[in-house]
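Welcome! Here is a short tour of one protein structure, taken topic by topic. Keep the 3D view open while you read.

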Amino acid sequence: MADNCKIPFLQTIMPSPSTCPCGGATFATCCAPLLAGEAVPPSAESLMRSRYTAYTLGNEAYLRATWHPSTVPAEPIVGENEQTRWLGLEIKSALRLRKRQANLLESPDADTVEFVARYKIGGRAHRLHEVSRFVRETNDGVARWYYLDGSFPD
C-alpha cells in the first residue's frame, strides 16, 4: 500500500472550481489533493467522502488504494461502461464523533460512518444507505485510513 501513495490517482479533472461531489468546499480544496495523492485523509469521514468522489469520477486506482487489502475485491470496482450518475452524498453520522462526545471512544484506529448516496442508472433514481467500517494503519510512518466493509441498514 505504501507505494500507492505516490501514484497520481486523479484521472478526471472537474470542469470548473465547483462544489466538490462529496458536498464539501471546492473540488480543488476538498477531495482533489486526496485523489491526487498529495494529502492523506485525516479521518474516516474524509476518506469516505473522497471515495464517494472517486466513484463519481470512475477513479478505480484510488478506490483500490483506499480499500483495505484484506477485503478489496478482485473484480473491477467501477465498471468500464459504468452508466451511474451520482447525485449527492449525505453523512448520517460518524460513530466515533458520537462516542467521543459521550467519552466512550473504543479505538482511535477504527471508525464507522453512516451515509446515503443518491444516484441514477438509466434514468431511474436509487439510494445507497451504508454503514461503513474503517481502520487506520501506519505504513512507512504514515497513518492511513482504509475502507474495510459496510452493512446496509435499509
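Which element gives the largest share of the lining of the second largest pocket? Strand 1 does, with 3 residues. Please keep in mind that this is a predicted model. The bullets below look at that pocket, then at the largest one, the nonpolar core and the cysteines.

**The second largest pocket**

- This pocket holds about 200 Å³ of space.
- Its lining is made up of Tyr55, Thr56, Ile77, Val78, Glu82, Thr84, Arg85, Trp86, Tyr119 and Ile121.
- Two or more of the lining residues come from each of helix 2, strand 1 (84-94) and strand 2.
- Sorted by class, the lining has 6 nonpolar, 2 polar and 2 charged residues.

**The largest pocket**

- Here the volume is about 320 Å³.
- You will find 15 residues around the largest pocket, and those nearest its centre are Arg51, Tyr55, Phe115, Leu128 and Glu130.
- Helix 2 (44-57), strand 2 (110-121) and strand 3 (124-139) are the elements that give two or more residues to this lining.
- Nonpolar residues number 12 in the lining, alongside 1 polar and 2 charged residues.
- Try finding Tyr55 in your view: it lies among the residues nearest the centre of the largest pocket, and it also lines the second largest pocket.

**The nonpolar core**

- The largest nonpolar core contains 25 residues, and the ones that touch the most other members are Phe27, Leu35, Leu89 and Phe134.
- At least two core residues come from each of helix 1 (32-35), helix 2, helix 3 (60-65), strand 2 and strand 4 (142-151).
- Helix 2 makes the biggest contribution to this core, with 6 residues.

**The cysteines**

- How many disulfides does the structure hold? The count is 0.
- Why does Cys30 not form a bond with the closest cysteine sulfur? That sulfur, in Cys22, is 3.5 Å from the sulfur of Cys30, so it is too far for a bond; a disulfide needs the two sulfur atoms within 2.5 Å.
- Cys31 is likewise in no disulfide, and its nearest cysteine sulfur, in Cys20, is 3.5 Å away.
- Is Cys31 buried or exposed? Cys31 is buried, because its relative accessible area is 1%, and buried means under 20%.
- Cys30, in contrast, counts as partly exposed, because its relative accessibility is 23%, which falls between the 20% and 50% cut-offs.

Definitions and conventions:
Residues numbered from 1 in each chain as written. Predicted model: local features only at pLDDT ≥ 70, side-chain atom pairs only at ≥ 80, totals over all residues. Heavy atoms only, no water. 1 Å grid on protein atoms, 1.4 Å probe; cavity = no way out; pocket = protein on both sides within 12 Å on 5 of 7 lines; lining within 4 Å. Points joined across faces, edges and corners; volume = space filled by probe spheres on them. Helix = DSSP H or I, 4+ residues; strand = E, 2+ residues; numbered from the N terminus. Nonpolar A, V, L, I, M, F, W, Y, C, P; charged D, E, K, R; others polar. Core = buried A, V, L, I, M, F, W, Y, C linked by side-chain atoms within 4.5 Å. Buried < 20%, exposed > 50% of the residue type's maximum accessible area, 1.4 Å probe, protein only.
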